[in-house]
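Trainee: Could we go through some of the labels in this model together? I would like to see the reasoning behind each one.

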Amino acid sequence: MVTLRQRTPAVTEAPEPPKLEEERICEDVTILSDDSDEDSSSDSAVKHLRGRWELASVLNFVNVFGPLVSEKLKLTAEEIEMGLIESNNTNAQLHIALLKGIPPVNKNLDDANAWITVLCKKLAPWWPWIATGEIPITASKGEEISEYQRLSPINRLKFLKALCELRVQQDDARSYIQENTKEGDLDSHFRKRKLGGDGKKTSYWFDGNDMQGYRLYREVNEISKKNACSDKSCLSWEIEATNLDEFQRVARELSSSKASSLAATGEKIETEALPVVEKYHKKKERALKKKMKKEQLVVNVNFSGPMRRSCRNRIPATYTYDNFDKMISDAVEEKEESDGDEVEEREQQSVSLGSDNDSSEGNKMNSTEDEAPEINNDDDKENEKSKEDAESKGEYGVKNRLRQRVTRNSALY
């Protein structure tokens, strides 16, 4: 006896109800908030970097010793900042250029991420003399590469600052300083002058060049008599201005200050710093317009119709005498046909002109009827002879031109 068991129905998941418009809007807002969080995090990282005196020192080193480090490496201050935050190729290029000036130079320095291992090995013995505190990472069988990528931008900045300190200790850097400075010249580009301050603990510094850009720094010295310290952490640096609008704003605020020292600093910014920044700003705008114009030309060429030159079909070159003779004979036939058409046109024009003059010259033709055939026969012979000479010359000229064309094609191919 066979017993049938009751089949249990398969459990199927109920379809999700369609999302309401409000829910979709909430999801979009969430995605936008994630992007805004990334932007805000990068902005905060830039703000933290610009509050460190080490960044001002690094930018000043690149400004002064840039030609010695690398003539090809030309970076703006913003590119250096983003390189420290993202640890991108720009950051690698800057470190590699600095490491190549510190002997002995490693042969594998240009390999991917090999510069991080070389950096740790170079800085480890010199760290107590060129930096404060303990070195964040050391060479450890390749693990230092992943550790460096996990470092904060501030610690990467400390590594870069220490590398600049070690690079300036080399012999070529010292000779570079001696060659570019003069005795008693206090205004050389190796020594920066502050624009002014309140005379107590706040000072303003102006630094940069046309490649890197110009910046206005605000230095605040927190050292007091009660809490005296010789550590550089007592100094706080802030970047007050990086573009023309910010320079103008700071100049207006300081010029309108009640303190005479700050007002004088504002006037000095207007007279010394603003003209340089304005000139740099105009140059940057012209370069940007030129770049946009070139990009627009490239877009127009790509989206326009195909050019005539690209549609031209090249005839394959052949080097047999049969093809050569055929080309000459075809060209001669084309020439004869064109000459025949021209002769017919001339004859039609002469016939039309002759019919108009028949009535007026009828008597003259009757009076010279006996002599005319002989003269006409002589003229016909001369015309036939000249026509044969012209045809032979034309045929020779066509053949000569075709020979030159074939030799030219053979030389090209």
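Mentor: Happily. Lys283 sits in helix α11, residues 260-303. Keep in mind that this is a predicted model.

Trainee: Why is Lys283 called partly exposed?

Mentor: Its relative accessible area is 46%. Buried means under 20% and exposed means over 50%, so Lys283 with its 46% is partly exposed.

Trainee: What makes Lys279, Lys282, Lys283 and Arg286 a positive surface patch?

Mentor: Lys and Arg count as positive, and like charges are joined within 9 Å when their residues have over 30% relative accessible area and no salt bridge. Lys283, at 46%, is therefore over the 30% cut-off. The patch is formed by Lys279, Lys282, Lys283 and Arg286.

Trainee: Let's turn to the loop before that helix. Where is Ala259, and why is Ala259 called partly exposed?

Mentor: Ala259 lies in the loop between α10 (244-255) and α11. Its relative accessible area is 32%; the limits are 20% and 50%, so Ala259 is partly exposed. The C-alpha atoms of Ala259 and Gly197 are separated by 9.9 Å, and these residues are 62 apart along the chain.

Trainee: Now the backbone. What is notable about phi at Asn113 and at Lys141?

Mentor: Neither is a glycine, yet phi is positive: about 60° at Asn113 and about 55° at Lys141. Asn113 belongs to the loop between α4 and α5, while Lys141 belongs to the loop between α6 (127-130) and α7 (143-149).

Trainee: Why does Lys141 count as exposed, and why is Asn113 called partly exposed?

Mentor: Lys141 has 88% relative accessibility, and exposed means over 50%, so Lys141 is exposed. Asn113 has a relative accessible area of 34%, which lies between the 20% and 50% limits, so Asn113 is partly exposed.

Trainee: Which two residues does a cis peptide bond join?

Mentor: Pro103 and Pro104, with omega at about -5°. Pro104 is found in the loop between α4 (89-99) and α5 (114-123).

Trainee: On to the cysteines. How do you know that Cys120 and Cys164 are buried?

Mentor: Cys120 has a relative accessible area of 2%, and Cys164 has 5% relative accessibility. Buried means under 20%, so Cys120 and Cys164 are buried.

Trainee: And how many disulfides does a search of the whole structure find?

Mentor: Zero. A disulfide needs a pair of cysteine sulfur atoms within 2.5 Å, so a search that finds zero disulfides has found no such pair.

Definitions and conventions
Residues numbered from 1 in each chain as written. Predicted model: local features only at pLDDT ≥ 70, side-chain atom pairs only at ≥ 80, totals over all residues. Heavy atoms only, no water. Buried < 20%, exposed > 50% of the residue type's maximum accessible area, 1.4 Å probe, protein only. Helix = DSSP H or I, 4+ residues; strand = E, 2+ residues; numbered from the N terminus. Patch = residues over 30% accessible without salt bridge, like charges linked within 9 Å, V, L, I, M, F, W, Y side chains within 5 Å. Areas by Shrake-Rupley, 256 points an atom, 1.4 Å probe, with all protein chains shown as cover. Salt bridge = Lys/Arg side-chain N within 4 Å of Asp/Glu carboxyl O. Charge placed at Lys NZ, Arg CZ, Asp CG, Glu CD.
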